[in-house]
Amino acid sequence: MKRPFSLLFGLMGGTLTCGCSFGMFQTAHTQAPGTVSVTPGVAQVFNRIDDQAGRSTITNLGAQLGGRVGLGKRVDAGLGSFFGYGAKVDVKVNVLDPRQRLALAPRLGAGYRWERNVGLLEGGAIASYRFADHFEPYLGLTYANHWIEPEQPPGPPVPNLAARRGTGDGLLQLNLGVEIGLSEHVALLGEYGHWFPLNNDPGDFYAFIPTNVAGIALRFGRVRP
């Protein structure tokens with residue numbers, strides 16, 4: 001990729017992050033079998049090109065909605081919004097006894113966004129520990145790869161652009177959060193995340209840049225086994 005296009009690609013990478021669904025908002029403990037929870041939240045996204053792109057605190061604030069259902073003693077599945085115009089699903093499995101305070105859950109997910117089509121495959125794990133019945137910090141690490149529909153940059157056609165490789169655009173996503181139980185059926189979650197770009201396909205005219213995410217959410221439903 002030629003250097004004159006680096007800023008353009010960075011700006012385009014920033015615009016996609018103005019959608020929705022950036023927070024993980026879940027611990028490694030799985031939803032109790034047969035129960036359902038719903039988690040609405042908001043997230044603030046910020047990175048180094050906000051000023052250049054003319055974005056503000058208001059424009060970088062996005063809502064998101066997710067829900068989970070317990071499929072077994074150690075397995076649950078979730079459905080949530082994805083970049084504003086799409087949806088994603090994920091499944092996690094707590095490999096430890098669900099009655100223990102410590103939980104460790106590998107997870108896999110997939111998603112799709114319409115309006116400039118984006119496909120997603122992700123995999124990672126969450127670790128969390130219940131220090132008390134109402135306080136559970138968690139750490140999540142996920143590799144998320146995105147396949148983004150090519151879109152010619154605005155203006156006249158530009159010759160000699162890089163060919164698409166098909167590798168997608170990959171992010172390593174680190175999430176640090178805490179769940180605080182407010183009652184038997186309501187919990188508050190606060191979270192900070194950072195995105196580390198790992199791979200970029202220059203042929204899709206898009207590039208992620210290092211990005212920070214801070215969010216807060218409420219979880220409604222049965223929040224303890």
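How many helices and strands make up the secondary structure of this protein? The model in front of you is a predicted one, and its secondary structure comes to two helices and ten strands. If you start at the N terminus and walk along the chain, the elements come in the order α-β-α-β-β-β-β-β-β-β-β-β.

Let's begin with the overall fold. The ten strands close into a barrel, following the order β1-β2-β3-β4-β5-β6-β7-β8-β9-β10, with antiparallel pairing. On average, neighbouring strands of this sheet are turned by 20 degrees against each other, if direction is ignored. As a reminder, strands of a sheet pair through backbone hydrogen bonds, either parallel or antiparallel.

A few totals help to set the scene. The protein has 225 residues, and 48% of them are buried. Among contacts with a separation of 6 or more, 64% are between residues 24 or more positions apart. The accessible surface of the protein is about 10,800 Å², and carbon and sulfur atoms account for 66% of that area.

Now let's follow the barrel wall, starting at β5. Strand β5 covers residues 102–113, and its antiparallel partner β6 covers residues 118–129, with twelve bridges between the two. One place to look is Ala 105, whose bridge partner in β6 is Ile 126. The hairpin of β5 and β6 has four residues between the strands, and in this hairpin Glu 115 takes a positive phi near 65 degrees.

From β6 the chain carries on to β7 through a hairpin of five residues. These two strands run antiparallel and are joined by eleven bridges; Ala 125, for instance, has Leu 141 of β7 as its bridge partner. Strand β7 (residues 135–148) then pairs with strand β8 (residues 169–181), again in the antiparallel sense and over twelve bridges. Across this pairing, Leu 139 stands opposite Leu 176 in β8.

Moving on, β8 meets strand β9 (residues 186–199) in an antiparallel pairing of twelve bridges. The two strands form a hairpin with four residues between them, and you can find Val 178 bridged to Gly 190 in β9. Strand β9 in turn pairs antiparallel with strand β10 (residues 211–221) over ten bridges. Here Glu 191 stands opposite Gly 215 in β10.

With the wall traced, let's turn to the charged side chains. Side chains of opposite charge can pair when their charged atoms come close. A search of the whole structure finds eight salt bridges. Arg 68 is a good place to start. The side chain of Arg 68 meets that of Asp 76 in a salt bridge with an N to O distance of 2.9 Å, and it also meets the side chain of Asp 90, at 3.1 Å from N to O. Arg 68 lies in strand β2 (residues 61–70) and Asp 90 in strand β4 (residues 86–93), so this pair ties together parts that are 22 residues apart in sequence.

Are these residues buried or exposed? Both Arg 68 and Asp 90 are buried. Arg 68 has a relative accessible area of 11%, so it counts as buried, and Asp 76 is buried too, at 1%. Salt bridges with shared partners join Arg 68, Asp 76, Asp 90, Lys 92, Arg 107 and Glu 122 into one network.

Another salt bridge links Asp 97 and Arg 99, with the closest N and O atoms 3.0 Å apart. Here Arg 99 has 75% relative accessibility, so it counts as exposed.

Finally, let's look at the nonpolar side chains on the outside. Which residues form a nonpolar patch on the surface? They are Leu 102, Tyr 129, Phe 131, Phe 135, Ile 180, Leu 182, Leu 218 and Phe 220, and together they have about 720 Å² of accessible area. You have already passed some of the strands involved: Leu 102 is found in strand β5. Leu 102 has a relative accessibility of 41%, which means that it counts as partly exposed.

Definitions and conventions: Residues are numbered from 1 along each chain as its sequence is written. This is a predicted model: local features need pLDDT of at least 70, side-chain atom pairs count only at pLDDT 80 or more; totals for chains, interfaces and linings use all residues. Side-chain values use heavy atoms; hydrogens and water are left out. Patches are made of residues with over 30% relative accessible area and no salt bridge: like charges are joined within 9 Å, nonpolar side chains (Val, Leu, Ile, Met, Phe, Trp, Tyr) within 5 Å. Accessible areas come from the Shrake-Rupley method with a 1.4 Å probe; for residues, only the protein chains shown count as cover. A salt bridge is a side-chain nitrogen of Lys or Arg within 4 Å of a carboxyl oxygen of Asp or Glu. Buried means under 20% relative accessible area, exposed over 50%, partly exposed in between (1.4 Å probe, protein chains only). Two strands pair if DSSP finds at least two bridges between them. Axes are lines fitted to C-alpha atoms, for helices over the stretch in contact, and angles run from 0 to 180 degrees between N-to-C directions. Contact means heavy atoms within 4.5 Å.
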